Amino acid sequence: MKKIILCVMLICTTFAMLHAQHSESNPFQDYYADPNISSFENAFKHYSAQLAENEDDDSARLMLSYLYVIELERMLEQFESRVDSLASKFQFQYANLLLELRKFDEAIEIYEILNTNYPNWSCPWRHKGEAYFKSDDLVQAETALQKSIEARIEHYDAYVMLAEVQEAMGKNDIALATLETGLSYKGKDIEDPDEEVVDLDVQFLYLRLLKANDKQNEYEQQKEKLQKAAPDDERLR
């Protein structure tokens, strides 16, 4: 994985700024010349101390931001170079990190390794579905999430996301059935449902699907429930 072009541009800008302010060597230049844990720690401590002395020191804040980005890319390169030798739990967490960084294609590649090696492990399928969903590949997202549920029938948050995907595909009747099935498993999964999804978001998804399927009575009941739970929520308007 190559360092992103933006980092290079930022570094060049930084060097120009530092050259204008200081003639001597500085921690950032030392780190960039020889990036390692020690040089990163030295630079981090240096600019953190500056920021602690003056919370309005935008130069120090900017330097810390540059350090974080470059060190993150360096760490990702190290994971990529030995991904095949990583334990499965670290492959999964690495892929999740890529997902959080919106590096969807790279995350999907790792999830596929896990899907191949551990086809009955539900979580990589669910997270791959999320990666496809966020990259707007709804067909692949639906397939991956269905695989997640096949691997673990009570995987609650997989049902929720699958219903969201199917809603986005215009499959409102199927999405409603998916969500209602998922709700029947809430609290029965090995994962805490409140840690995986925001219940209020699920309830509003249910409201939308009831309306889309012309379930008027159920829709009014759900809306009344939400008006009590979240009377100021903009989604009720």
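Guide: A residue is called buried when its relative accessible area is under 20%, exposed when that area is over 50%, and partly exposed in between, with a 1.4 Å probe and only protein chains counted. The model here is predicted, so local features need pLDDT of at least 70 and side-chain atom pairs count only at pLDDT 80 or more, while totals for chains, interfaces and linings use all residues. Residues are numbered from 1 along each chain as its sequence is written, and side-chain values use heavy atoms, with hydrogens and water left out.

Visitor: How many helices does the chain have?

Guide: Helices (H or I, at least four residues) and strands (E, at least two) are DSSP runs, numbered from the N terminus. Followed from the N terminus on, every element in the order of the chain is written as α. There are 0 strands, and the number of helices is 13.

Visitor: What share of the residues of the chain counts as buried?

Guide: The chain holds 237 residues. One of the buried residues is glutamine 222, which has its place in helix α13, residues 216-229. Taken over the chain, the share that counts as buried is 39%.

Visitor: Is valine 69 buried or partly exposed?

Guide: Valine 69 belongs to helix α4, which covers residues 58-81. Because its relative accessible area is 32%, valine 69 is classed as partly exposed.

Visitor: What distance separates the C-alpha atoms of glutamine 222 and phenylalanine 204?

Guide: Glutamine 222 is buried, because its relative accessible area is 6%. Along the chain, glutamine 222 and phenylalanine 204 are 18 residues apart, and their C-alpha atoms are separated by 8.6 Å.

Visitor: How many salt bridges does a search of the whole structure find?

Guide: Side chains of opposite charge can pair when their charged atoms come close. A salt bridge is counted here when a side-chain nitrogen of Lys or Arg lies within 4 Å of a carboxyl oxygen of Asp or Glu. Over the whole structure, the number found is 15.

Visitor: Which residue meets aspartate 157 in a salt bridge, 31 residues apart along the chain?

Guide: The side chain of aspartate 157 meets that of arginine 126 in a salt bridge, at 2.9 Å from N to O. This pair links distant parts of the chain, with aspartate 157 in helix α9 and arginine 126 in helix α7. Aspartate 157 counts as buried because its relative accessibility is 4%, and at 6% the buried partner is arginine 126.

Visitor: Which residues are linked with Asp157 in a network of salt bridges?

Guide: Asp157 pairs with arginine 126 at 2.9 Å. Within the network, Asp157 is linked with Arg126, Glu130 and Lys134.

Visitor: What is the relative accessible area of glutamate 142, which forms a salt bridge with lysine 171?

Guide: In the salt bridge between lysine 171 and glutamate 142, the closest N and O atoms are 3.1 Å apart. The two are 29 residues apart, lysine 171 in the loop between α9 and α10 (172-184) and glutamate 142 in helix α8, residues 138-151. Lysine 171 counts as partly exposed because its relative accessibility is 27%, whereas glutamate 142 is buried, with a relative accessible area of 9%.

Visitor: Which residue forms a salt bridge with arginine 208?

Guide: In this salt bridge the closest N and O atoms of arginine 208 and glutamate 167 are 2.8 Å apart. Arginine 208 lies in helix α12 and glutamate 167 in helix α9, so the pair ties together parts 41 residues apart in sequence. Arginine 208 counts as partly exposed at 38% relative accessibility, and at 22% the partly exposed partner is glutamate 167.
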